Amino acid sequence: MANIKQAFVHASYVYTCEGILQKDGRRLIPEDASAIEDGAVVFDSKKIIWVGKTADLPAKYKKLKTTNLRNKKAVIPGLIDSHTHLVFAGSRAHEFARRCAGATYQEIAEEGGGILTTVKATRDATIEQLFESALKRALIAYRFGVRTIECKSGYGLDHDTEIKCLTVVQHLRKALPQMTFVSTYLGAHAIPHDQKRSHYIDEMLHKTLPLVASKKLAEFCDVFIDEGYYNVDEGERILRTAKKLGLKIKIHADELMNTESAKLACKLHAHSADHLLKISENGIKALAKSNTVATLLPGTAFYLKEKNAPARKILDAGGKVAVATDFNPGSSYTLNLPLMMNMSALYLQMNSAEILASVTTNAAAALGLEAKKGAIMPGFDSDFVVLPYDRFEEMYYRMGW
Ligand SMILES: [Zn+2]
């Protein structure tokens, strides 16, 4: 296909995020969104070529194929959902009803429910079934403005099923070239019920991780470090092995209790530490000084009726914050990233530039895509969304639309 240049002109605002990038996504004020009024973008099928005021459009671009947005529509970078568990089978709707009627997570787990329900269904599913359901979910995310989505494995908890789930992401890439999929191996999501803990860890270290790396089935490795899951030493062993094999790393950190795993994420130069509901003051300080992105998941706190992460403290200390859906069948069954942005405004007290950064530039940094995604500037990917309204703030003012 020819690489044809074209232009969008008279956008009510083009939110370039240039100011956010200049401040490395930290300590942001609303003006850092760098909204260009009556803006224009020149781009081809791959890259953004020029951005500025429509009145300043260089003469050489005036004859291009042009779309006039009539000062009614805003342009923002394609949204990035940097933490999802997109690939799994089965439904936990019945359990959700039980939980809402008063059953505890523990009671449901003892009845063989919880994550085990999903593990069993995912092991039983064919690759085609997993692909079909993940494809439908990706298209839902797309309609919410998401153009880049991270997808974790972790509902197999055995070698074959984990590989099967990561293979599904490769199929998604081919089926939906209009989206970017980032694949994460999360074999250490929970302790399997049918294998000895030490045996499973050995399997991850010596069998699954080397295969994932050599076949390039994932770009990231993630570990759930928490009480009842993997401890800090086990997490560190798995993540160090992953790094040696060339994978980037992330941690499900300090969610159920404080294990100082956010500090571990900084020490290991992880791209992100995610959840952070129980992060300590030391963890906050460590994040503020590091390049590790603090990924907050307000949908999970909402769904579990837990207290939110101390977002304001992390932001005011100078942390770099991303927000994601944590889409998963047990604790955040939503693909609606704009709804998470609404929660970020209401409950995490984030300002408009902090919210924009959290789903664009900072989310890109959490995925190692900061040079290509998350901003509308020359050289970045032609990856942006035209909103059906004139300001970015309309997007999260609308609750769950
Ligand atoms: Zn998660």
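Is aspartate 316 buried, partly exposed or exposed? Aspartate 316 is partly exposed, because its relative accessible area is 47%, and partly exposed covers values between 20% and 50%. The structure is a predicted model. A search of the whole structure finds 22 salt bridges, and three of the pairs, a network, a helix packing and several single residues are described below.

**Salt bridge within helix 12**

- Aspartate 316 pairs with arginine 312 in a salt bridge, with an N to O distance of 2.9 Å.
- Both residues belong to helix 12, which spans residues 311–317.
- Arginine 312 and aspartate 316 are 4 residues apart, or about one turn of the helix.
- Arginine 312 is partly exposed, with a relative accessible area of 25%.

**Salt-bridge network and lysine 372**

- Lys47, Lys373, Asp381 and Asp383 are joined into one network by salt bridges that share partners.
- Lysine 372 sits in the loop between helix 15 (361–366) and strand 14 (384–386).
- Its relative accessible area is 40%, so lysine 372 counts as partly exposed.
- Apart from neighbours within four places in sequence, lysine 372 is in contact with Lys47, Phe380 and Asp381.
- Two of these contacts, Lys47 and Asp381, are also members of the network.
- From lysine 372 to threonine 361 the C-alpha to C-alpha distance is 9.5 Å, with the two residues 11 apart in sequence.

**Other salt bridges**

- Side chains of opposite charge can pair when their charged atoms come close.
- Glutamate 236 and lysine 267 meet through their side chains in a salt bridge at 3.4 Å, N to O.
- This pair links distant parts of the chain, with glutamate 236 in helix 8 and lysine 267 in helix 9 (residues 261–267), 31 residues apart.
- Glutamate 236 is buried, at 16% relative accessible area, whereas lysine 267 is exposed, at 51%.
- Lysine 23 and aspartate 32 form a salt bridge in which the closest N and O atoms are 2.7 Å apart.
- In this pair aspartate 32 is buried, with a relative accessible area of 10%, while lysine 23 is partly exposed, with a value of 32%.

**Packing of helices 7 and 8**

- Two packed helices are described by the angle between their axes and the distance between the axes.
- Helix 7 (residues 197–214) packs with helix 8 (residues 232–244) at an angle of about 10 degrees, and their axes are 10 Å apart.
- Helix 7 is therefore roughly parallel to helix 8, because angles under 35 degrees count as roughly parallel.
- On the helix 7 side the contact is made by Arg197, Ile201, Asp202, Met204, Leu205 and Leu209.
- Helix 8 contributes Glu234, Arg237, Ile238, Thr241 and Ala242 to the contact.

**Threonine 148 in strand 7**

- Threonine 148 is placed in strand 7, residues 146–152.
- The residue counts as buried, because its relative accessibility is 0%.
- Neighbours within four places in sequence aside, the contacts of threonine 148 include Leu79, Ile80 and Asp81.
- Thr180 and Val182 are also among the contacts of threonine 148.
- Further contacts of threonine 148 include Leu367, Leu369, Lys373 and Asp383.
- Lys373 and Asp383, both in contact with threonine 148, belong to the salt-bridge network named above.

**Nonpolar surface patch**

- Leu346, Tyr347 and Met399 form a nonpolar patch on the surface.
- Together the three residues have about 360 Å² of accessible area.
- Leucine 346 is part of helix 13, residues 337–346.
- With a relative accessible area of 48%, leucine 346 is partly exposed.

**Positive phi outside glycine**

- Aspartate 24 is not a glycine, yet has a positive phi of about 55 degrees.
- The loop between helix 1 (18–22) and strand 2 (35–43) holds aspartate 24.
- Aspartate 24 is partly exposed, with a relative accessible area of 31%.
- Histidine 275, also not a glycine, has a positive phi of about 95 degrees.
- Histidine 275 lies in strand 11, residues 272–275.
- At 4% relative accessible area, histidine 275 is buried.

Methods
Residues numbered from 1 in each chain as written. Predicted model: local features only at pLDDT ≥ 70, side-chain atom pairs only at ≥ 80, totals over all residues. Heavy atoms only, no water. Patch = residues over 30% accessible without salt bridge, like charges linked within 9 Å, V, L, I, M, F, W, Y side chains within 5 Å. Areas by Shrake-Rupley, 256 points an atom, 1.4 Å probe, with all protein chains shown as cover. Salt bridge = Lys/Arg side-chain N within 4 Å of Asp/Glu carboxyl O. Helix = DSSP H or I, 4+ residues; strand = E, 2+ residues; numbered from the N terminus. Buried < 20%, exposed > 50% of the residue type's maximum accessible area, 1.4 Å probe, protein only. Axes fitted to C-alpha atoms, helices over the stretch in contact; angles between N-to-C directions. Parallel < 35°, antiparallel > 145°, perpendicular 65-115°, else oblique. Contact = heavy atoms within 4.5 Å.
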